[in-house]
Amino acid sequence: MVERVNRVALIGTGAVGSSYAFALLNQGVADELVMIDLNIDKSEGDAMDLNHGLAFAPSSKKIWFGDYNDCQKADIVVITAGANQKPGETRLDLLEKNTAVFQSIVESVMSSGFDGIFVVATNPVDILTYMTREFSKLPAHRVIGSGTILDTARLRYQLSEYFDVSAKNVHGYIIGEHGDSELPVWSHTTIGGQSVFDRIQDSPEKYNISDLDDIFEQVRDAAYHIIKRKGATHYGIAMGLVRLTRAILHNENAILTVSSHLDGIYGVEDIYIGVPAIVNRSGIREIIPLHLTEEENRKFLDSASILKETMKPVLKQYKGE
Ligand SMILES: NC(=O)C1=CN([C@@H]2O[C@H](COP(=O)(O)OP(=O)(O)OC[C@H]3O[C@@H](n4cnc5c(N)ncnc54)[C@H](O)[C@@H]3O)[C@@H](O)[C@H]2O)C=CC1
Ligand SMILES: CC(=O)C(=O)O
């Protein structure tokens with residue numbers, strides 16, 4: 001039997017892309033990684049550097065600097081190319097310039113004959129995931145945005161610190177826009193199976209319900225705090241993208257809060273937004289329809305309408321709508 005070779009094509013080898021490549025290699029998730037970027041020297045240098053770590057990697061891999069022709073045989077194309085936020089900028093401020101970058105990237109990938117799954121991380125990720133589907137014309141379940149995977153991981157970390165338990169035993173989701181209008185789903189948040197509200201109520205001497213607001217604020221504003229200090233965030237998202245890559249390549253049926261195409265579910269039409277979804281080798285197998293409280297539902301709909309409103313100018317420009 002011929003063994004299947006898993007190939008990932010990475011477009012954009014800046015802070016996020018190169019951290020992703022490093023994490024992918026260290027975790028031994030893909031067999032082949034081709035790196036593509038406008039900045040040839042940086043990308044070529046990264047490929048050389050990473051190859052020198054192959055002897056220490058869990059299994060032997062092939063890594064090279066390539067071009068769009070290499071996307072033809074890729075199982076996944078991960079896009080982390082484009083501008084990032086400067087201090088004070090929101091993710092939505094990046095829309096116009098990054099949509100133009102995406103048109104040329106996605107069209108070049110499709111011209112190679114690519115027939116796999118797109119994973120998008122560039123901001124504003126929900127709208128650029130939508131535009132990737134527009135430019136590629138691939139079925140919606142094969143175009144996935146990193147959505148709120150990072151925000152969900154930040155929530156689990158913050159709660160693990162607060163309750164002094166492993167982040168692995170904290171379950172909860174951030175849903176909505178990957179950005180300022182996202183929201184926590186407290187009604188479905190559990191610590192070792194116990195609802196977060198019960199946990200607080202059981203130990204009033206240690207915990208206070210109002211602390212949840214501060215915890216969420218830390219999560220929502222994390223990118224601003226990090227960008228102010230070091231100019232970019234990249235390790236957390238890189239590890240989140242590797243988690244998503246593994247879910248796809250290893251056909252895991254893993255539940256992750258990815259940016260998924262909603263068409264009626266959650267009461268919204270034709271939008272990409274972060275919700276829990278089952279991810280496997282075919283892409284997004286199924287979206288989980290969480291039963292939200294009235295307040296959570298209102299916040300989710302607000303977040304969806306902010307995305308819809310923000311994307312109107314690009315839809316007009318690129319789709320003539
Ligand atoms: N979804 C998420 O949770 C996160 C998303 N991001 C986003 O990821 C994106 C990348 O951020 P960084 O890596 O920090 O930026 P960066 O500036 O370090 O890297 C961007 C790379 O894209 C390349 N590039 C630009 N146009 C290109 C084109 N047409 N074709 C090929 N390559 C091109 C540049 O040469 C550069 O190497 C930003 O939009 C940022 O906001 C960052 C962190 C988290
Ligand atoms: C930059 C960004 O999107 C984040 O760190 O959440």
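Colleague: Which residues are closest to ligand 1?
Modeller: In this predicted model, 31 residues surround ligand 1. A residue counts as near a molecule if its C-beta atom, placed from the backbone, lies within 6 Å of it. Residues are numbered from 1 along each chain as its sequence is written, and chains are lettered from A and ligands numbered from 1 in the order in which they are written. The closest are Gly14, Ala15, Val16, Ala81 and Asn123.

Colleague: How do the residues of the shell around ligand 1 divide?
Modeller: Ala, Val, Leu, Ile, Met, Phe, Trp, Tyr, Cys and Pro count as nonpolar, Asp, Glu, Lys and Arg as charged, and the others, Gly among them, as polar. On that basis the shell around ligand 1 holds 14 nonpolar, 16 polar and one charged.

Colleague: Where does ligand 1 lie with respect to the domains?
Modeller: The protein is divided into domain 1 (7-145) and domain 2 (148-314), with bounds from an automatic or database domain assignment. Because both domains give residues to the shell around ligand 1, the ligand lies between them.

Colleague: How many residues does each domain give to the contact?
Modeller: The C-alpha centres of domain 1 and domain 2 lie 23 Å apart. Two residues are in contact if their C-beta atoms, placed from the backbone, lie within 7 Å. The contact takes 37 residues from domain 1 and, from domain 2, 32 residues.

Colleague: Which residues surround ligand 2?
Modeller: The shell around ligand 2 draws at least three residues from each of domain 1 and domain 2. By class, this shell has two nonpolar, three polar and one charged residues. The surrounding residues are Gln85, Arg91, Asn123, Leu150, Ala223 and Thr233.

Technical notes. This is a predicted model: local features need pLDDT of at least 70, side-chain atom pairs count only at pLDDT 80 or more; totals for chains, interfaces and linings use all residues.
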